[in-house]
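Reader: I'd like a close look at one loop in this model, starting with a single residue and working outward to whatever it connects to. Could you walk me through it in plain terms?

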Amino acid sequence: MIEAHKDYAGAKLGMWLFLFTEVVLFGGLFLLYSAYLHRYHLDFHHAARNLDTFLGGANTIILITSSFFMAMSITALQLGRRGRCLGLLALTVLMALGFLANKAIEWWAKFEHGIFPGSEHLRALPQGEEIFYSLYFAMTGLHGIHVLLGVGILSFVMILVRRGRVRQEDFVILENSGLYWHLVDLIWIFLFPLFYLIT
Amino acid sequence: MSLTGIKAGASPRGFLSSPQDAGGLRSWIFSTDHKRIGLLYLACILTLFAAGVALGLIMRLKLITPGNDLLAPQTYNAVFTVHGVIMIFLVVIPSIPASFGNILLPLHIGAEDVSFPRLNLFSWWLYLTGAVVALVSIFTGSGAPDTGWTFYVPFSERTTTNVSVAVMAVFILGFSSILTGLNFITTIHQLRAPGMTWRRLSLFVWSLYATAWVQVLATPILGITVLLVFAERVLNLGLFDPGRGGDPLLYQHLFWIYSHPAVYIMILPAMGVISDIIPVFARKRIFGYNMIAFSSLTIASVGSLVWAHHMFTSGMSDLAVLVFSFLTFIVAVPSAIKIFNWLSTLYKGSIIVEPPLLFTLGFIWMFSVGGLTGLIQGAAGADIHVHDTYFIVAHFHYVIFGGTGLGMFAAMHFWFPKIFGRMYNRRTAAAAFWIILLGMNVLYFPMFILGLMGMPRRYYDYPAQFAQGQLISTVGSWILAMGLALMFYNLYAGVRRGAAAGPNPWGAATLEWTLPSPPPSGNFAEIPEVEKGPYDFAPDPRHD
């Protein structure tokens with residue numbers, strides 16, 4: 001058995017490549033969004049007025065703050081303060097769960113109004129509005145899945161930190177998880193204005 | 001460069017023999033040794049290739065005469081769809097990079113393994129999962145998918161066949177391909193041995209590098225596209241359905257934004273194999289090393305900008321047609337650069353004709369025919385005439401089977417003695433090559449003519465004026481099948497009872513040939529110091 005070598009730069013490079021693929025994955029959806037916005041800008045305008053800017057804005061603040069805690073947790077571990085690192089990670093996970101709860105409330109309200117993929121109500125709306133909601137569910141849904149994955153990853157990293165597998169001298173797993181989390185945050189920062197503000 | 005001998009007590013069967021404590025299947029399917037993973041891929045790819053060939057033969061048999069009813073129309077639709085899905089996503093895309101790339105990349109750059117060995121094993125498991133899901137889609141639900149491998153909407157959303165499962169297989173396979181690409185890029189950046197500068201990389205490694213970037217940057221687009229088809233079918237989301245305001249053209253754009261670069265995922269590694277084989281059998285340094293390496297990167301980047309030439313008849317602005325047609329002609333230039341450099345390497349070389357070189361020359365012939373006929377379709381005006389006819393079927397089989405396929409066979413014959421430590425029968429291999437080359441041309445060349453006469457692709461039946469060409473084509477498929485059978489039998493016999501090959505039977509100069517055949521589990525006993533390039537052949541006093 002060959003001993004696994006530690007390659008800090010390699011691990012970071014691999015992570016960045018993975019993040020590129022995530023950007024491209026969402027890129028396909030952004031492409032669809034821009035094409036349909038161009039075609040149905042009035043319908044998009046009407047449909048977007050039904051989205052709750054307050055809930056969306058609150059989620060934006062939650063996610064940005066969680067990214068801040070994430071960054072602090074890495075610094076804490078680099079300074080050798082494991083307890084503080086764990087506390088900050090727990091805060092990050094909590095905020096991620098808060099984001100998801102908020103999102104669930106928002107989706108639920110839409111469902112209550114008969115707005116969900118394939119619903120009668122949605123079919124009766126102008127086609128551009130149906131496309132808008134399809135994009136809304138596809139993009140925030142895919143993003144939500146990424147947040148959920150983030151909760152899983154960060155919880156797993158917390159276990160690794162507790163067990164000392166991730167520590168002051170070897171923190172690349174924590175750092176890469178942080179990169180992932182910032183990307184999830186960044187994607188939301190684009191989703192928020194596209195759906196809630198600019199139409 | 002230090003020559004590494006067999007380590008004391010190491011098995012003469014190298015990585016092929018299992019350590020004492022772990023044997024059998026488990027020591028293979030859970031191994032993180034890049035060579036074992038590469039062989040696992042090779043075994044899976046060749047098995048699925050056999051399945052794809054069988055489907056192709058059935059199709060050709062059905063088309064042998066007009067009015068033939070060997071297959072029901074719906075079955076025929078399923079057969080060409082499954083043939084395409086298996087051949088494209090399970091065979092050709094992983095073909096050379098996942099098998100020979102895995103086996104050789106660390107050896108070529110003087111490394112112990114790839115950067116992320118466990119991720120590498122995970123990629124193979126994903127590949128296997130994708131293959132199983134694809135098979136499930138064929139045999140369960142209400143019939144095998146019948147959309148063609150392109151899954152064009154709106155038909156793919158409305159058909160009752162098992163498209164939802166098939167697109168999930170494609171999604172999983174895409175993920176496997178991405179992770180392999182990610183692993184290779186990191187490996188090439190991080191794990192080159194001391195002295196292995198970028199300009200001492202073998203051209204095979206350069207081609208893997210360019211391919212890996214395409215895998216990483218293009219595949220996610222396919223991922224999201226098939227995911228949306230899945231969401232439309234299962235979650236009732238409406239994004240492409242024209243009945244709900246969607247635009248099927250956007251699907252075509254997204255699909256080809258991946259699937260055109262994907263043909264470079266298919267062909268670039270084969271070009272790398274060719275670039276590594278030719279200098280060995282011409283006993284001469286490669287001509288134009290820099291340009292070949294550079295043209296791989298050019299193909300990868302410009303190739304990402306030509307996707308809409310698949311859509312000239314779908315409805316686009318004239319300006320878009322013009323731009324994409326122009327870019328298509330541009331991307332032909334780096335391919336031509338490679339061909340000229342290979343021919344210049346052969347020119348005045350001390351040529352030794354061995355099976356790997358034969359397959360290589362076959363590649364150059366087939367790829368040239370396929371590439372030049374590609375330009376006919378790249379020209380927007382001519383494309384209107386030949387679009388969706390047998391002409392395009394002939395074109396891409398020349399490029400993909402004649403190119404990537406022969407490139408893969410060349411790689412199999414070139415690296416066979418290194419991987420198995422034995423040699424196949426070279427005369428039989430040469431005979432198999434000639435039969436395969438004849439079969440391919442008899443099978444596919446009539447399709448060019450049929451296409452120009454107006455025979456549309458994917459049609460179940462045809463009028464009598466196409467009968468002659470169809471008959472010749474079917475006879476060609478039998479010749480090809482015989483050639484393939486002979487080739488695989490010969491290689492199998494070589495594995496079983498070939499003569500010992502020695503560490504370097506071809507006199508090649510890349511690093512893997514400094515190791516014993518087969519290479520030991522940990523590759524190099526000590527990481528080599530590289531002092532010369534990959535094509536500096538030993539007894540040549542003029543250099544170094």
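**A loop arginine and its surroundings**

Author: Arg458(B) is partly exposed, with a relative accessible area of 28%. This is a predicted model, so read all of what follows as a description of a prediction. You'll find Arg458(B) in the loop between helix 15 and helix 16 of chain B. The backbone is what makes this residue worth a stop: phi of Arg458(B) is positive, at about 70°, although the residue is not a glycine. For background, most residues other than glycine have a negative phi.

Arg457(B) sits in that loop between helix 15 (426-453) and helix 16 too. Its relative accessible area is 16%, so Arg457(B) counts as buried. The side chain of Arg457(B) forms a salt bridge with Asp388(B), at 3.5 Å from N to O. Asp388(B) belongs to the loop between helix 13 (380-386) and helix 14 (390-420) of chain B, so the bridge ties together parts that are 69 residues apart in sequence. Asp388(B) itself is partly exposed, because its relative accessibility is 39%. In other words, a buried arginine pairs with a partly exposed aspartate.

Now follow the chain into helix 16, which spans residues 467-497 of chain B. Part of this helix goes into a nonpolar surface patch made of Ile58(B), Leu61(B), Leu70(B), Leu471(B), Val475(B) and Trp478(B). Together these residues have about 490 Å² of accessible area. Which helix gives the most to the nonpolar patch? Helix 16 does, with three residues. Helix 2 (34-62) of chain B also supplies at least two. Leu61(B) is one of the patch members and is found in helix 2; its relative accessible area is 37%, so it counts as partly exposed.

Helix 16 also brings you to a charged patch. Arg497(B) is placed in this helix and joins Arg13(B), Arg422(B) and Arg496(B) in a patch of positive charge on the surface. Is Arg497(B) buried or exposed? It counts as exposed, because its relative accessibility is 59%.

Back on the other side of our loop, helix 14 of chain B holds Phe420(B). That phenylalanine is partly exposed, with a relative accessible area of 23%. Phe420(B) and Met87(B) are 333 residues apart in sequence, and their C-alpha atoms are 26 Å apart in space.

The bridge at Asp388(B) has company. A search of the whole structure turns up 11 salt bridges over all chains. Another one in chain B joins Asp241(B) to Arg158(B), with the closest N and O atoms 2.7 Å apart. Asp241(B) lies in the loop between helix 8 (203-234) and helix 9 (248-282), while Arg158(B) is in helix 6 (residues 155-158), so this pair ties together parts that are 83 residues apart in sequence. Asp241(B) counts as buried because its relative accessibility is 11%, whereas Arg158(B), at 51%, counts as exposed. Lys35(B) and Asp33(B) make a further bridge at 3.2 Å, N to O, and both of these residues are buried. There is also a network of salt bridges that links Arg123(A), Glu130(A) and Arg244(B).

Disulfides are another matter: the search finds zero over all chains. Cys85(A) counts as buried because its relative accessibility is 0%, and Cys44(B) counts as buried at 15%.

Finally, back to backbone oddities like the one we started from. Asn523(B) is another residue other than glycine with a positive phi, near 65°. It is placed in the segment after strand 2 of chain B and is buried, with a relative accessible area of 1%. Pro518(B) is in the segment after strand 2 (499-500) as well, and a cis peptide bond joins Ser517(B) to Pro518(B), with omega about -10°. The peptide bond from Val153(B) to Pro154(B) is cis too, with omega near 0°. That proline is in the loop between helix 5 (117-139) and helix 6 of chain B.

How values were computed:
Residues are numbered from 1 along each chain as its sequence is written. Chains are lettered from A and ligands numbered from 1 in the order in which they are written. This is a predicted model: local features need pLDDT of at least 70, side-chain atom pairs count only at pLDDT 80 or more; totals for chains, interfaces and linings use all residues. Side-chain values use heavy atoms; hydrogens and water are left out. Patches are made of residues with over 30% relative accessible area and no salt bridge: like charges are joined within 9 Å, nonpolar side chains (Val, Leu, Ile, Met, Phe, Trp, Tyr) within 5 Å. Accessible areas come from the Shrake-Rupley method with a 1.4 Å probe; for residues, only the protein chains shown count as cover. A salt bridge is a side-chain nitrogen of Lys or Arg within 4 Å of a carboxyl oxygen of Asp or Glu. Lys and Arg count as positive and Asp and Glu as negative; His and the chain ends are not counted. The place of a charge is taken as NZ of Lys, CZ of Arg, CG of Asp or CD of Glu. Helices (H or I, at least four residues) and strands (E, at least two) are DSSP runs, numbered from the N terminus. Buried means under 20% relative accessible area, exposed over 50%, partly exposed in between (1.4 Å probe, protein chains only). A disulfide is a pair of cysteine sulfur atoms within 2.5 Å.
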